[in-house]
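Reader: I am new to this structure and should be grateful for a guided discussion of its pockets and charged residues. Please show it first.

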Amino acid sequence: MPVTKVNGDNQSGTVGTTLSTRLVVRVNNNNGSLARNVLVQFSVTSGSGSVNPASVRTNSNGQASTSLTLGTTPGTVTVRARTQRHGSVTFTATANATAATDSWQLLPYSCPINPIHGILLRTGKVFFVAGSGNDPTKMGETKGSAVWDVSAGTFFQPLTPVDDSGLPLDLFCGGHSFFSDGRLMFAGGTLQYDPFYGSPLALAFDPISEQWIELTSMNSGRWYPTVVTLGDGRIFALSGTDDNGLLDVYPEIYSSATNSWTSFTQPTSPLDLYAHLFLMANGKVFYSGGHFVYNNGVYPRILTLPTDFTQPITEQAVNGLQNADYGGQAASVMLPPAQDQKVMIIGGGNDFFGQATNRVSIVDLKAANPTYTSAAPLNYARMHHNAVILPDRTIFVCNGSAMGESETLATRTPEIYNPATNTWKLGTPSNINRLYHAIALLLPDGRVVAAGGNRDRAIEERRLEIYSPAYMQMSRPVIQSASQTVAYGGTITINTPQAANIKWVNLIKPMATTHGLETDQRLVDAPIASRTSTSLNATVTTNRNIATPGWYMLSITDNNNVPSVATWIQLT
């Protein structure tokens with residue numbers, strides 16, 4: 001067709017407003033050359049609205065454009081772009097009665113266990129893990145985990161594997177990340193309470209069979225360890241209280257090829273329990289300064305893992321962190337896209353029952369000498385909170401309190417950070433205070449699950465909430481079909497009627513979170529290499545450290561910053 005749409009189709013906005021993206025057409029002659037100085041007439045053919053200008057001639061690129069202002073009547077608006085000799089095309093827009101708003105839904109049922117760990121499986125189901133659930137009377141719990149089918153509102157509880165004496169392994173407060181095949185690695189747990197001793201258990205959870213699989217145990221017990229998937233698919237475990245009740249300073253790595261763990265023989269600095277770690281583009285590991293309670297005098301640093309396990313893990317200090325002693329129960333996140341290599345630490349406290357900070361700092365790990373710099377602070381000081389990357393490339397923060405487990409100082413008001421503008425905006429308050437052991441994670445449709453809260457050990461918050469960002473009420477782009485597997489450096493083909501209006505293709509690693517700790521979560525940009533009016537071709541990174549092998553949520557985001565529902569794709 002000589003006239004084609006270039007940009008601006010399928011937008012949405014509030015009645016009476018001008019859409020942010022102009023309606024753009026390109027006119028070609030029959031031989032394919034650009035048709036310059038051709039008169040294009042734009043007119044509203046249905047619905048309420050106006051265009052300006054109504055008539056315009058094509059420029060040297062064969063393009064002509066207009067702005068659409070929505071009228072006072074909600075509904076669908078169509079605009080026709082017509083030429084005398086080159087045909088016509090039609091744009092569609094949606095006029096919303098009021099500005100889209102966010103909302104919370106308190107579900108009519110509760111989780112059957114204390115949801116201390118939350119994991120999004122590649123099936124779209126949510127996996128909760130409790131083990132004994134911070135209750136020493138439940139150390140014999142045989143069903144300490146639950147698979148939640150969000151759509152059906154049902155739960156399935158697999159049996160927990162047992163130890164050599166026949167007692168169920170206690171999964172309470174292990175660490176986790178994903179294997180490349182989509183299984184979950186769950187390493188560590190609880191051998192005993194008060195004082196706590198760590199378990200060396202290592203299990204895989206299969207999202208298809210929904211069953212636990214026993215793996216070779218770690219060389220050391222680990223309670224509250226940090227577990228990170230590396231670019232080659234191996235899994236790195238660090239810190240945690242060992243099986244003698246001491247802080248473990250000898251990290252180890254698991255290899256699926258041999259079903260074995262290999263320990264480093266030289267100690268690291270005493271990084272605290274649940275140290276916030278991120279795999280960097282160069283294969284090194286960054287410690288953000290976020291952790292469980294006490295930093296043990298260890299501040300942000302970059303760890304270089306040697307290939308020889310008898311050699312030391314070298315540590316390079318990263319300076320500049322504001323309120324560096326307030327990393328307890330903070331939240332840390334790699335800002336989108338992961339290619340930018342910027343990590344943000346948000347809030348945190350100076351003691352388990354201490355005061356929280358509203359400090360937000362960002363470090364650029366691509367810099368020759370990475371140094372934290374201050375960013376816009378939170379509106380509410382928080383600890384025990386959670387940070388979730390949304391597919392519109394903003395950061396959603398919810399839960400927490402300004403002081404320890406204080407209900408009085410808890411905040412239900414979420415905040416959303418926009419990296420492009422370095423600004424926070426407040427969201428609609430939730431229904432429930434969520435403090436210690438609270439979790440939040442992203443669903444494939446772009447909503448966020450909030451669960452948990454375990455103040456004063458005996459109190460278990462099992463009610464579930466779902467947060468719907470404002471984009472859930474807007475006209476959203478649709479992935480009709482897309483590649484289901486892709487190799488590094490390969491091309492993802494996406495069929496979508498909104499192809500002309502898409503600015504981002506996102507690969508989002510599913511979350512596996514507890515205690516505000518999340519090592520897997522990241523959004524990887526897949527640059528758009530080419531497009532037609534109905535399809536996109538996007539290119540995947542060649543760097544396995546930027547995007548570790550495994551399953552991702554594939555979504556597209558339009559020029560209005562509205563994302564699609566995600567589909568699943570495996571990066572191999």
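The discussion below concerns pockets, salt bridges and buried residues.

Author: This is a predicted model, in which local features need pLDDT of at least 70 and side-chain atom pairs count only at pLDDT 80 or more, while totals for chains, interfaces and linings use all residues. Residues are numbered from 1 along each chain as its sequence is written, and side-chain values use heavy atoms, with hydrogens and water left out.

Reader: How much space lies in the largest pocket?

Author: A pocket is an open set of points on a 1 Å grid over the protein atoms alone, where a 1.4 Å probe fits, with protein on both sides within 12 Å along at least five of seven lines. Its volume is the space filled by probe spheres set on the points, which are joined across faces, edges and corners. For the largest pocket this space is about 690 Å³.

Reader: Which strand supplies the largest share of the lining of the largest pocket?

Author: Lining residues have an atom within 4 Å of a point, and 34 residues line the largest pocket, with Asp-392, Thr-394, Asn-418, Lys-425 and Asn-561 the closest to its centre. Strands are DSSP runs (E, at least two residues), numbered from the N terminus. Strand S2 (11-14), strand S35 (415-418) and strand S36 (423-426) each supply at least two residues of this lining. The largest share, four residues, comes from S36.

Reader: How many residues of the lining of the second largest pocket are nonpolar?

Author: The second largest pocket holds about 340 Å³ of space and is lined by 18 residues, with Asp-163, Leu-169, Leu-191, Ser-199 and Leu-201 nearest its centre. Ala, Val, Leu, Ile, Met, Phe, Trp, Tyr, Cys and Pro count as nonpolar, Asp, Glu, Lys and Arg as charged, and the others, Gly among them, as polar. In this lining three residues are polar, four are charged and eleven are nonpolar.

Reader: Which side chain of opposite charge is nearest to Asp-206?

Author: Asp-206 is found in strand S19, and strand S19 (202-206) supplies at least two residues of the lining of the second largest pocket. Asp-206 is buried (under 20% relative accessible area with a 1.4 Å probe, protein chains only; exposed is over 50%, and partly exposed lies in between). Asp and Glu count as negative and Lys and Arg as positive, His and the chain ends not being counted. Asp-206 has no salt bridge (a side-chain nitrogen of Lys or Arg within 4 Å of a carboxyl oxygen of Asp or Glu), and at 6.1 Å the nearest side chain of opposite charge is Arg-183.

Reader: Is the salt-bridge partner of Asp-181, Arg-183, buried or exposed?

Author: Asp-181 and Arg-183 form a salt bridge with their closest N and O atoms 2.8 Å apart. Asp-181 has a relative accessible area of 35% and is therefore partly exposed. With a relative accessible area of 18%, Arg-183 is buried.

Reader: How many residues apart are Glu-252 and Arg-222?

Author: Glu-252 forms a salt bridge with Arg-222, the closest N and O atoms being 3.0 Å apart. Glu-252 is in strand S23 (residues 252-255), and Arg-222 is in the loop between strand S20 (211-214) and strand S21 (226-229), so that the pair links parts of the chain that are 30 residues apart.

Reader: Why does the salt bridge of Arg-393 and Asp-525 tie together parts that are 132 residues apart in sequence?

Author: The side chains of Arg-393 and Asp-525 meet at 2.7 Å, N to O. Arg-393, at 8% relative accessibility, counts as buried, as does Asp-525 at 16%. The pair ties together these parts because Arg-393 lies in the loop between strand S33 (386-389) and strand S34 (395-398), and Asp-525 in strand S45.
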